[in-house]
Amino acid sequence: MTTNDERIAESVAVALREVLPDWEPTVSTMPMDDAWVSVPVDGLIPALEVLLGRFDIRHLSAITADEIDGVLVLLYHFWEGEGITLRVDLQEPERRIPTLVSFLPGADFYEREVFEMYGVTFDGHPDLRPLLLPDDWEGGPPMRRSAIEETGESGR
Amino acid sequence: MSKTIVPIGPQHPLLKEPVAFQITVEGEQVIDSAMRMGYVHRGIERLCEERTYVQDIHLLERVCGICSHVHATTYCRAVEALIGVEVPLRGVYLRALLCELERIHSHLLWLGVLARNIGFDTIFMYAWRDREIVLDIMEDLSGGRVSHAANVIGGVRVDLTEARREEILGELTFLDGQVARLLNVVEQEQSLRARTRDIGLLTLEQVRQYCVVGPVARASGLDVDFRRDSLQVPYDRLTFEVPVHDAGDVWARTLVRSQETVESLRLCRQILEDLPEGPTSARVPRRVKAGQAIARAEAPRGEVFYYVRSDGSDSPARVKVRTPTLTSLITLPVQLQEITMADVSVVLSGVDLCIACADR
Amino acid sequence: MVILFRLLVFPGFLFLFFSAMLFDWVDRRVIARFQERVGPPWYQPFADFVKLLAKEDVLSTGAHATAASLLPVAALVAVLTAALYVPVGGIAVASFEGDLILVLFLLSVPAISYFLVGWISVGVYSVIGGNRSLLQYFSYEVPFLMALAAPAALSGTWSIARIVAYQGQTSWGLLMQPLGFILAMIGLVGKLKRDPLDIPKAKSEVIAGPLTEFSGRKLALWHLAMEMQTVVGIFLLVNLFVGDSRFFGWLPQLPVFGLKALALLVLLSMAAVLYARLRIDQLADLGWKILAPLALLQFVATLWIIGL
């Protein structure tokens with residue numbers, strides 16, 4: 001499995017080098033056999049086209065937003081017999097990224113959730129409304145570190 | 001005829017959990033639908049960051065009221081991958097046993113809910129009666145009927161004596177007979193088929209586009225099952241079939257889930273027969289190394305996804321949960337097209353809604 | 001005195017009331033046993049009735065107060081009036097040549113009030129349920145009426161008592177017209193809105209249909225009207241299809257009649273146990289494409305036999 005993952009991740013990286021000549025994608029393997037490829041914000045759509053078109057990887061398991069060392073990171077977890085994750089570091093303070101909905105309608109709810117919880121704007125999303133939060137929700141995106149520190153609330 | 005908006009939810013006899021649908025109808029014909037969720041959003045992902053790794057097991061078990069064990073298991077597997085600890089084989093087998101029992105319980109529960117919603121109370125009563133046997137086995141194993149708290153990081157805290165193993169095998173044999181009889185009725189019953197055929201259609205292409213998982217995907221001809229595809233221990237040592245049907249309607253989903261119940265029973269039997277000797281859990285170091293891990297598993301409703309990031313402290317820095325119901329909910333606007341008001345209940349039952357899962 | 005006794009006690013109001021409660025209990029108990037449940041104790045229907053009477057009577061804003069009060073009463077009165085003409089074990093309060101037609105007409109009144117109560121309602125579930133009940137009425141009523149007209153045609157009279165007497169000379173209507181009996185039973189299920197034809201009040205679709213916004217006394221009256229309609233409907237079918245008591249000649253008529261009625265009730269309960277609810281379009285198809293032609297066939301065959 002692991003070798004297979006690396007092979008796909010390597011091929012994705014090679015393909016990405018062709019599409020994005022001035023970007024050097026980094027490839028790494030995570031525990032549980034997932035291969036990770038790091039792509040820039042404007043490289044997401046080309047990377048997706050490579051995944052969909054060349055490798056027929058179409059199952060998007062989830063979109064995770066995570067603040068790693070103060071940088072807001074989006075992780076696109078794909079699966080097609082093996083896991084492959086695209087890591088996109090968002091730029092501050094825009095926090096914008098193109099939407100995947102036109103390619104994969106299944107990304108709809110995942111993007112809406114990231115939008116409401118982390119305040120990321122998905123350019124081109126047809127219906128970017130909050131998914132889970134109540135209509136009268138006040139305050140910033142609740143999962144953001146900054147929002148948590150501002151309110152000082154802790155569940156512990 | 002004029003258009004009427006029929007509200008279904010947040011409180012409605014059809015729904016067991018709060019979610020709101022606005023169904024626009026013209027007479028009996030459904031022409032539009034809208035959904036609002038989040039009524040049981042508990043902010044579990046955020047709460048996880050505030051609790052320790054061990055506390056999170058019990059918190060994440062409460063993501064879902066039906067498939068609680070598979071959530072805790074998947075989370076533990078992610079944390080174990082971060083630590084780099086290997087779970088003893090007996091622990092892995094016992095985890096899988098509970099997962100499969102949970103699948104049987106979930107599918108029987110689903111069958112009952114579907115039958116109830118199309119006015120077939122007899123099947124509802126029979127399915128839930130048989131489900132009690134599974135719940136009793138699980139209660140005996142872990143002390144809980146639904147929330148088992150069986151997992152610890154590094155294995156399970158429950159064990160089986162030899163005598164109890166034989167007893168459970170006996171109970172499973174009885175359940176085999178009951179389920180076979182029930183499913184025979186389900187497969188032969190004309191009025192059930194008349195209500196579910198060609199309702200809630202999803203094509204293979206739509207299923208792939210919407211990234212649907214689990215029985216709903218398998219009922220549309222997509223051959224996925226994470227137990228088999230990810231070669232997880234112990235499923236790589238057990239033999240089981242993955243039922244796939246092509247029709248893509250609620251009837252196909254009924255067949256898929258029925259056959260999966262039978263397969264799960266087979267799996268339970270194999271797990272109990274092959275149950276290896278040894279400890280049920282491994283000793284784990286107190287610190288979780290910094291890093292990220294992903295774990296996937298096949299819950300009763302399909303692929304459940306966990307992402308855990310550790311920064312080296314007592315609590316995870318981020319836990320992401322993606323439940324299978326979320327993927328089915330996206331397809332509801334498609335499924336709710338070109339049907340009548342009476343089919344709404346069939347469609348909503350057919351995807352096996354678990355709103356608490358989807359809202360987290 | 002006799003008339004008053006017959007009107008109020010037997011076979012009038014009190015008898016009907018207790019029969020309704022008994023039938024309700026037997027029905028629930030039989031269904032429960034088929035579904036491997038215990039079922040309620042015998043006093044459950046009484047308890048339900050009393051509880052509803054004691055509950056607060058809520059009227060939703062915008063609802064038509066007078067109509068909401070009158071329609072359940074109209075349904076109940078129609079059922080009670082119909083009951084006067086249906087003999088119980090050979091005893092009827094009143095009868096005349098053509099009482100079958102009057103009974104059939106009166107038994108349609110609850111269906112009409114049921115529809116009306118949905119139609120005037122402000123609740124969306126009630127409106128949909130009301131429309132469904134009307135569609136259902138058109139689907140089952142034609143085969144039902146034709147199935148009941150056949151015994152009348154065969155015995156050459158529209159009097160229920162005479163139809164019973166005619167069966168005494170020949171044989172049970174059930175044996176002479178088995179198809180008609182089946183059609184009449186299906187029609188009765190539709191008329192009583194019982195499972196599997198509880199389409200207008202399907203819980204998972206329209207909550208309780210036209211009765212969604214009712215509570216308290218009015219709901220109690222509705223339930224009583226429905227339960228009494230079950231009793232009267234079954235009594236009517238007993239008279240028309242198994243009216244003769246010759247086989248049980250040595251037994252008193254009344255217990256035999258009661259047993260026959262309970263047997264029909266168990267048949268209805270079994271239909272509820274064995275089938276899933278139909279969709280309204282499926283019922284319309286069933287009614288017009290299968291039941292109505294069969295009823296017509298049966299009627300024509302009956303006329304042909306009479307002509308021989």
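Select helix α4 (residues 89-117) and helix α11 (residues 250-274) of chain B in this predicted model: their axes come within 9 Å and cross at roughly 155 degrees. Because angles over 145 degrees count as roughly antiparallel, α4(B) is roughly antiparallel to α11(B). The crossing in which α4(B) passes α11(B) is left-handed.

With both helices still selected, show the side chains that make the contact. On α4(B) these are Y93(B), A96(B), L97(B), E100(B), L101(B), R103(B), I104(B), H107(B), L108(B), W110(B), L111(B) and L114(B). On α11(B) they are T254(B), R257(B), E260(B), T261(B), S264(B), L265(B), L267(B), C268(B), I271(B) and L272(B). Coloured by class, the contact of α4(B) with α11(B) shows 14 nonpolar, four polar and four charged residues.

Next, keep chain B and bring in chain A. Here 35 residues of chain B are in contact with 30 residues of chain A. To find the chain B side of this interface, select α1 (44-50), α3 (68-83), α8 (204-209), β6 (291-299), β7 (302-310), β8 (316-322) and α12 (324-330) of chain B, each of which supplies at least two residues to it. Of these elements, pause at β6(B), which gives the most to the side that touches chain A, with six residues. By class, this side of chain B divides into 16 nonpolar, six polar and 13 charged residues.

Then hide chain A and show chain C, where 23 residues of chain B are in contact with 22 residues of chain C. The elements to select on chain B are now β1 (3-8), α5 (121-142), α7 (190-196) and α14 (341-350), each supplying at least two residues of the side that touches chain C. The largest share of that side, five residues, comes from α5(B). Its residues, taken by class, are twelve nonpolar, seven polar and four charged.

Finally, turn to the largest nonpolar core, which has 253 residues. Start from the residues with the most contacts inside this core, namely A78(B), V79(B), A82(C), A184(C) and V232(C). Then select helix α11 (residues 216-242) of chain C, from which the largest share of the core, 17 residues, comes.

End the tour by centring the view on A184(C). Once its neighbours within four places in sequence are left aside, A184(C) is in contact with F144(C), A147(C), L148(C), L237(C) and F241(C).

Technical notes: Residues are numbered from 1 along each chain as its sequence is written. Chains are lettered from A and ligands numbered from 1 in the order in which they are written. This is a predicted model: local features need pLDDT of at least 70, side-chain atom pairs count only at pLDDT 80 or more; totals for chains, interfaces and linings use all residues. A nonpolar core is a set of buried Ala, Val, Leu, Ile, Met, Phe, Trp, Tyr and Cys residues joined through C-beta atoms within 7 Å. A residue is buried if 20 or more other C-beta atoms lie within 10 Å of its own, exposed if 12 or fewer, and partly exposed in between; C-beta atoms are placed from the backbone. Helices (H or I, at least four residues) and strands (E, at least two) are DSSP runs, numbered from the N terminus. Two residues are in contact if their C-beta atoms, placed from the backbone, lie within 7 Å. Ala, Val, Leu, Ile, Met, Phe, Trp, Tyr, Cys and Pro count as nonpolar, Asp, Glu, Lys and Arg as charged, and the others, Gly among them, as polar. Axes are lines fitted to C-alpha atoms, for helices over the stretch in contact, and angles run from 0 to 180 degrees between N-to-C directions. Angles under 35 degrees count as roughly parallel, over 145 as roughly antiparallel, 65 to 115 as roughly perpendicular and the rest as oblique. A crossing is left-handed if the near helix is turned anticlockwise from the far one by less than a right angle, and right-handed if clockwise.
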